[in-house]
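Let's take a friendly walk around the places where small molecules sit in this protein. Have a look at the sequence and the structure first, and then read on.

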Amino acid sequence: MSDIYDVIIIGGGPGGYNCAIRCGQLGLKVACVETRKTLGGTCLNVGCIPSKALLHASEMFETAQNDFADMGIKADVKLDLKQMMAAKGKTVSGLTTGIEYLFKKNKVEHISGYGKIIDANTVDVDGKKLKTKNVVIATGSEVTPLPGVEVDEKTIVSSTGALDLKAVPKRLLVIGGGVIGLELGSVWRRLGSEVTVVEYLDHIMPGMDGEVQKQALRVFKKQKMKFELSRKVMGVEKKGKALTVKTEASTGGSPKDIDVDVVLVCIGRRPFTKDLGLEALGVAQDKRGFIETNHFATNISGVYALGDCTHGPMLAHKAEDEGVAVAEIIAGKAGHVNYDVIPGVVYTAPEIASVGQTEEQLKEAGVKYKKGKFAFAANSRARANHQTDGFIKILAHAETDEILGAHMIGAHVGDLIAEVALAMEFKAASEDIARTCHAHPTISEAVRQAAMDVEGWTMQS
Ligand code: FAD
Ligand code: NAI
């Protein structure tokens, strides 16, 4: 067999490993280069999976403390943080070794080391030159730093440090009211921290549907999370073990110091393409470092890019879909990703989920739409489960009734959003969901009721 690979993928995260496995399935000679000890990238090692493990465990802890008695369950609940972290670690290692297995099964060569592109047909891995017909860049992203706030991963942490704290901080300050701030802020609040979120804008979760943003803020405040909106962090001073966070109004002035024990910096992520050889090769990047692509192809023939290091939402499933599409394109098939139907989920309690366009976007684009809404308080299963916070909103075209978006806050909406995403893929009308029989009593009936409300025949009082 020739020594020349059909494809070398740099990066073994969701984008890279899905691309590699699909290449293997399609009979291509493929290698995946990963510098981290384990496969799975940010998502499996220090992102989606460990955060969801801690979100689940901390939610169980809070539920046991606050809701068990009400349901007639008596329990003496105590936190064993070391064991909670160990359980998280076990989940992560189980999944990362699972990818090793999938690589072997699909004949993907896993090469450990740092990849650098020498030219469109040569990748250097720690001094060894490998020849290939195609290169795929799937190097992901890294934390955006905040000037004046130096991350030491002990008391001033990024998400990586926040997933591995050795003790529950008495006071945690989160810089950035986005997805990471709300998810990891929720974890530590449930475990006992006093959590304050400092957000530059006057609202949390930028880009989400406005009604969902407002409801989420109300619920998080009810859960005793504190918010300092329209405020920016100017710096952090260390005083012994404690930290003083210097803040100002976003528009300047009105200084306010906040004393805390741990600071979490999560103001977004930026593409990671360090020492990849992009400049020498002439791969086009925008001002913020995102690799420019046209249907996944960079401006250099035979070099593709996907996932967090390219434009679009920084989400694991977006990277995965792109990975599969790129493999199929290289194999001569019609790889495709529908960017209009990429769901987003925030795994707080209640969960928050979204797909398609928001009301704000539709208004701005001048699209005439109809709206259906249903509150979880009117769903019988939600009431039986004591999970009545939230609502589901479905937006449909005023004339054609095609579903244009869905925005949800409530228990299990991270799973419910898939129904609407599937409907949208099939270009369904809201009436298609409204007339589909849903099992009773289930939370999914709330989706149907919201769809029924688009034409005003919901069974909500
Ligand atoms: P990555 O997963 O970042 O993988 C890139 C890999 O490339 C890394 O392993 C890196 O070591 C390797 N690499 C980089 N350069 C080189 C090189 N030159 N040579 C060799 N290897 C290299 N998304 C969701 O959809 N759902 C979630 O619940 C979710 N939770 C998250 C929670 C946190 C705390 C964080 C930080 C992120 C979360 N994300 C979530 C985002 C998700 O992790 C990313 O969108 C996803 O990992 C992007 O996949 P990727 O393959 O593009 O890059
Ligand atoms: P984010 O973009 O979600 O939120 C960052 C927040 O910080 C924004 O609200 C922004 O207005 C604010 N901000 C920016 N600069 C600031 C400043 N100087 N002071 C105060 N606030 C400031 O980014 P985050 O939370 O860091 O997450 C990074 C990415 O990781 C997300 O974009 C998301 O794609 C991904 N992610 C996805 C998850 C999921 O799908 N459940 C979970 C966690 C992360």
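What follows looks at ligand 1, then at ligand 2, and ends with a table of polar contacts.

Keep in mind that this is a predicted model.

**Around ligand 1**

Which residues come nearest to ligand 1? Of the 39 residues around this ligand, they are Glu34, Thr42, Lys52, Gly115 and Ala316. Sort the shell by class and you get 16 nonpolar, 18 polar and five charged residues.

Several helices and a strand have a hand in this shell. Helix H1 (14–25), strand S2 (30–34), helix H2 (41–46), helix H3 (48–66) and helix H9 (316–330) each chip in at least two residues. The top contributor is H2, with four residues.

Backbone atoms take part too. A polar backbone atom of Ala316 sits 2.9 Å from an oxygen atom of ligand 1, so to speak shaking hands with it. For Met314, the distance from a polar backbone atom to an oxygen atom of ligand 1 is 3.2 Å. Cys43 joins in with a backbone N or O atom 3.4 Å from an oxygen atom of ligand 1. On its own, ligand 1 would expose 990 Å², and the protein buries 94% of that.

**Around ligand 2**

Now for ligand 2, which has 22 residues around it. Ile180, Glu183, Glu199, Met314 and Val345 are the ones that come nearest. By class, you'll find 14 nonpolar, four polar and four charged residues in this shell.

Where does the shell around ligand 2 come from? Domain 1 (5–143 + 270–337) and domain 2 (156–267) each provide at least three of its residues. Among the secondary-structure elements, helix H6 (residues 179–190) gives the most, with three residues.

Here, too, the backbone reaches the ligand. Gly268 places a backbone N or O atom 2.9 Å from an oxygen atom of ligand 2. Val179 has a polar backbone atom 3.2 Å from an oxygen atom of ligand 2, and for a backbone N or O atom of Cys266 the distance to a ligand 2 oxygen is 3.4 Å. Taken alone, ligand 2 exposes 840 Å², of which the protein buries 78%.

**Backbone contacts with ligand oxygens**

| Residue | Ligand | Distance |
|---|---|---|
| Ala316 | ligand 1 | 2.9 Å |
| Met314 | ligand 1 | 3.2 Å |
| Cys43 | ligand 1 | 3.4 Å |
| Gly268 | ligand 2 | 2.9 Å |
| Val179 | ligand 2 | 3.2 Å |
| Cys266 | ligand 2 | 3.4 Å |

Terms used:
Residues numbered from 1 in each chain as written. Chains lettered and ligands numbered in written order. Predicted model: local features only at pLDDT ≥ 70, side-chain atom pairs only at ≥ 80, totals over all residues. Heavy atoms only, no water. Near = heavy atom within 4 Å. Polar contact = N/O pair within 3.5 Å; in protein donor to acceptor, adjacent residues only side chain to side chain. Areas by Shrake-Rupley, 256 points an atom, 1.4 Å probe, with all protein chains shown as cover. Nonpolar A, V, L, I, M, F, W, Y, C, P; charged D, E, K, R; others polar. Domains from an automatic or database assignment.
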